[in-house]
Amino acid sequence: MLRLYNDLLVATDGGQVSGLCLLDLTAAFDTVDHELLLQRLERTFGVRGQAIEWFKSYLKDRSYCVIYGGHTSSAILVSCSVPQGSVLGPLLFVLYTTDLADLASTFGITLHAFADDNQLHVHCDISNVSSSVKALEQCVTAIGHWMSANRLKLNAEKTELLWAGSRFNVACLLRDHDRTLTLGVSTVKAADAVRVLGVLFTPDLALDKHAATVSAKCFFQLRQLRRVRRSLDSESAATLVHAFVTSRIDYGNALLANATKSTIDKLQRVLNAAARIISGTRKFDRGLSRIIRDDLHWLNVPQRVTFKVCTIVYKCLHGLAPPYLAELCVPVADVGARRRLRSASRVLLDSPRFNMSSFGRRAFSSAGPRAWNSLPEYLRQASSLSVFKRSLKTYLFE
């Protein structure tokens, strides 16, 4: 999600528009063919010998039955699917559909996948929108054929499309071009917002609508907690707040790097309300900042975003993050020979320059290195992730 948002922001900063297509699969995990999966593991990934036998024993000879009202149905052999809710299930599905990325690249389309959630995106100038729409249509059609041949089903009726860019470019696109995709007998119209792994993306790539949605859900939970607060001790109230409120605030918050103050304030108000419920204070009581900092030991929303971004950068630099994020964090020492001697020991990152600061500054490829370079040297040279996170939180409090 972070890499996808980065790519959209970078393209917008360069004056382009982006077509984002979210594919929907029908019962994706339930229709994975065991024989095809085993063949792919063996031929594509070189899993052979005892290792392939382990996978065979894991997948085959499974059965299920239904127990209801004291009665048990006869057992039925499961000839396909990977177990949902398991550790291996999503990984096996990704291996099963690994050819999709190469297939999309033949049409000049980039594919990002998280288990069975597949996002296609293409960047283009306004003058090339028609050819990009055609490439998207051809790509989705080819993916549909591939899925049919591999026992999967692409649901064209639930496939979503979003055109993103600067407000001026999106307005020109909506006025002068046909933005729909034609997939067989189905027509996919451009949406005003799409949900990508739980985060709402809008055409202007602002996260105001996402923040408002998260805020509304959190306040609903806080109203429920307020009704039973008298029956809870402070520790139980804090546990429930973390489960239902702060977890929502922190989810995907790395996308909020350099977001507008109005967007951040929506979430900060939620955090303040949660602190008041735990501490038993009223809305206009003084000392809330002290309670958040000293009693609850919470970071405010801007610092929580910085904490997440810097933690991800640390993982990128130490082989703990996916390569598609790690390649966005380039040490200055690897960029230029003149700067190598001065910067190698300081663990500084190269920060790319962008044209339109309102978009480029929010991209992880810019926000990540800038946040990292602003840290003191002793933090950048932390010996382990746990030491880094502990020291980083202390630094942000100070």
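This briefing covers one sheet, the helix packed on it, and two pockets. The model is predicted. Its sheet is open and built from four strands. Its largest pocket has a volume of about 760 Å³. The second largest pocket holds about 250 Å³ of space.

**The sheet**

- The strands follow the order β6-β7-β1-β8, and their pairing is antiparallel.
- Strands β6 (110-114) and β8 (160-164) stand at the edges. Each has a single partner strand, so one side of each is left without a neighbour in the sheet.
- On average, neighbouring strands of this sheet are turned by 20 degrees against each other, with direction ignored.
- Strand β1 covers residues 17-23. Five bridges join β1 to β8, and the two run antiparallel.
- Across from S18 stands A164, a residue of β8.

**The helix on the sheet**

- Helix α6 spans residues 129-149 and packs on the sheet.
- This helix touches β1, β6, β7 (117-124) and β8.
- The direction of α6 makes about 155 degrees with that of β7.

**The largest pocket**

- In total, 27 residues line the largest pocket. Nearest its centre lie M1, L2, P322, Y324 and L325.
- Four elements each supply at least two residues of the lining: α1 (2-13), β6, α12 (301-317) and α13 (323-326).
- Strand β6 gives the most to this lining, with five residues. The strand thus has two roles here: β6 is an edge strand of the sheet, and β6 also helps line the largest pocket.
- By class, the lining has 18 nonpolar, six polar and three charged residues.

**The second largest pocket**

- The second largest pocket has a lining of 13 residues. Those nearest its centre are A257, N258, P302, V305 and T306.
- Helices α12 and α16 (364-373) are the elements that give two or more residues to this lining.
- The largest share comes from α12, with four residues. Helix α12 also supplies at least two residues of the lining of the largest pocket.
- By class, this lining has nine nonpolar, three polar and one charged residues.

Key:
Residues numbered from 1 in each chain as written. Predicted model: local features only at pLDDT ≥ 70, side-chain atom pairs only at ≥ 80, totals over all residues. Heavy atoms only, no water. Pairing = 2+ DSSP bridges. Axes fitted to C-alpha atoms, helices over the stretch in contact; angles between N-to-C directions. Contact = heavy atoms within 4.5 Å. 1 Å grid on protein atoms, 1.4 Å probe; cavity = no way out; pocket = protein on both sides within 12 Å on 5 of 7 lines; lining within 4 Å. Points joined across faces, edges and corners; volume = space filled by probe spheres on them. Nonpolar A, V, L, I, M, F, W, Y, C, P; charged D, E, K, R; others polar.
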